[in-house]
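Here are a few exercises to work through with the model open on your screen. Try each one yourself before you read the solution.

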Amino acid sequence: MQVVKAQRDRSTDNEHSEAHAHELERVLEQVLEQTGEAVIVKDLNAVVTYWNREAASLYGFYAHEAVGQPLRKLHAADLSDADYARLLDRVRAGHPTSSSAERRKKTGEIVRVTLKTSPLLDAQGKLVGEITIARDVTALHRTEESLRGNNRALATTVRQLESFHRDSEALSRMTELLQSCTQRAEAYSIVRETGAQLFPHSSGSLFIYRESRDMLEHATSWGGDRALETTLAPEDCWALRLGNPHFVPRKGAIRCRHAHEDAESYVCMPVQGQGRILGLLHIAVEVSPRSLRPARAIDRRLRAMTDRVGPALANLKLRDALREMALHDGLTGLYNRRYLEDALNRELHRAERSDKPVSVVMIDIDHFKHFNDTFGHDAGDLVLSAIAGAITKSIRPCDIACRYGGEELAIVLPEASLECARGRVEQLRLAIRDTHLIHLGQRLPAPTASFGVAVYPANGMKPADLLKAADQALYRAKQEGRDRVCVATEAVLAGS
């Protein structure tokens, strides 16, 4: 029976892993489709394997027309044999590049594009292809060509264009950096630096919605902005109420409640990403009382910055969600087994340096298969979630709880002696017995669990030895009648 149960558990875990992998793939494809840039992936023979919506818009070939075709049959058809050979050599060498070139659309129209290429590596670090990010700069290129022939007469326009280039470079760099962020604090620092660069004579602040969406929290400021509090209620800002930018000139009557009276003129810009408002940019700039708009260049910078910050923060939020999915069990919300093994290894290294104990607890829900067979798998999931909730309430912030597999759970208790751990686990055992469960209007029997406790270094010096000692103690608890706590009695030797 134990063999059948183990096979069923492995099958369930495999199904969860496959579903999890499909979800990660779906979210990644969503990010690529919404990145705002033409993204093309090709193999080592320059045959297209991925082609997003922006690529279709740029070159005129739909994804189903492009995927599976070499670049020579698409927008690179005009390349000479020598140029195409150099392109293939670059792809196969795995060298990143940044360039500008002319390409032919499906309609025959020539477009000027900037191209950034990066090597594509598989999970083992092997080169398998190349990623290209393309941007249409045809209009900008034509403008530059025209201006070069009229430098003297159009000197002012050239200076404006140079300013536009500086803004574009600052915004492009901001976008690049934001896409590489791993923490929100990094993203907020990048927004602060770019805001100070684009609006050197203005102060500004970024606010971000809490997950509850009842308040916005101050994320960052530049230029000595002191006009905003650390939190902001959505109803205190006209831009958030309307869902549109709100411009306030000097002595403007329709002011936001969050703006101080000494703020002469300002703009509030909603930051949007993936179809929802994520936050707010508040910047003190000069607003014309006649047009109720800032100067054209300022307005362009405001909109360009907001348009880039929103999607980048949305993508960062998606990456945070993916990271959480990779570390946590979807049903219980506890950490998964892979995270536990890494975390236990870190805790044992820390314990070795500090000469303090670490206790490990293995938990098995009693008669879980019989419970599933009697009340159904939905009720079984309810039991797992309820016991996970009881564990979460019982442990310290520094403790680590995970779903080890099936109905097996595990807890790591840093700096907890064997006796201390045993006492805490006994309290947890009683808390689980007192759990009241209602499923589909039916009261379910209170669950019970068996526990095995081991401690470093007495019961093992390595993670595998410590887990084995705790597992043996758990097995003894089940043999002795279940619903009890047993502790490891001796060290488990590696390989025994």
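**Exercise 1.** Work out in which sense strands β6 and β7 pair, and over how many bridges.

Solution. Keep in mind that this is a predicted model. Start by finding the two strands: β6 covers residues 204–209 and β7 covers residues 216–222. Next, look at how they run: the pairing is antiparallel, over 6 bridges. For one rung of that ladder, go to Gly-204, whose bridge partner in β7 is Trp-222. Finally, check the turn: the hairpin has 6 residues between the strands, and Arg-213 in this hairpin takes a positive phi near 60°.

**Exercise 2.** Find out which residue of β8 is the bridge partner of Leu-216.

Solution. First locate β8, which spans residues 231–232. It pairs with β7 in the antiparallel sense, over 2 bridges. Then trace the bridge from Leu-216, and you land on Leu-232.

**Exercise 3.** Decide how helices α11 and α12 are oriented to each other, then list who makes the contact.

Solution. Take α11 as residues 368–375 and α12 as residues 377–394. Their axes come within 7 Å and cross at roughly 135°. Now use the cut-offs: over 145 degrees would count as roughly antiparallel, and 65 to 115 as roughly perpendicular. The crossing fits neither, so the two helices are oblique to each other. On the α11 side, the contact is made by Phe-368, Phe-371, Asn-372 and Phe-375. α12 brings in His-377, Ala-379, Gly-380, Val-383 and Leu-384. Sort the residues of this contact by type and you get 6 nonpolar, 3 polar and no charged.

**Exercise 4.** Say where the cis peptide bond that joins Tyr-456 and Pro-457 sits.

Solution. Check omega: for this bond it is about 5°. Then place the proline: Pro-457 lies in the loop between β18 (449–456) and α14 (463–479).

**Exercise 5.** Arg-482 and Asp-483 both have a positive phi; are they buried, partly exposed or exposed?

Solution. Begin with the backbone. Arg-482 has a phi of about 70°, and Asp-483 has one near 50°, though neither is a glycine. Next, place them: Arg-482 is in the loop between α14 and β19 (485–487), and Asp-483 is in the loop between α14 and β19 as well. Now the accessible area, where buried means under 20%. Arg-482 has a relative accessible area of 29%, so it is partly exposed. Asp-483 comes out at 19%, so it counts as buried.

Terms used: Residues numbered from 1 in each chain as written. Predicted model: local features only at pLDDT ≥ 70, side-chain atom pairs only at ≥ 80, totals over all residues. Heavy atoms only, no water. Helix = DSSP H or I, 4+ residues; strand = E, 2+ residues; numbered from the N terminus. Buried < 20%, exposed > 50% of the residue type's maximum accessible area, 1.4 Å probe, protein only. Pairing = 2+ DSSP bridges. Axes fitted to C-alpha atoms, helices over the stretch in contact; angles between N-to-C directions. Parallel < 35°, antiparallel > 145°, perpendicular 65-115°, else oblique. Contact = heavy atoms within 4.5 Å. Nonpolar A, V, L, I, M, F, W, Y, C, P; charged D, E, K, R; others polar.
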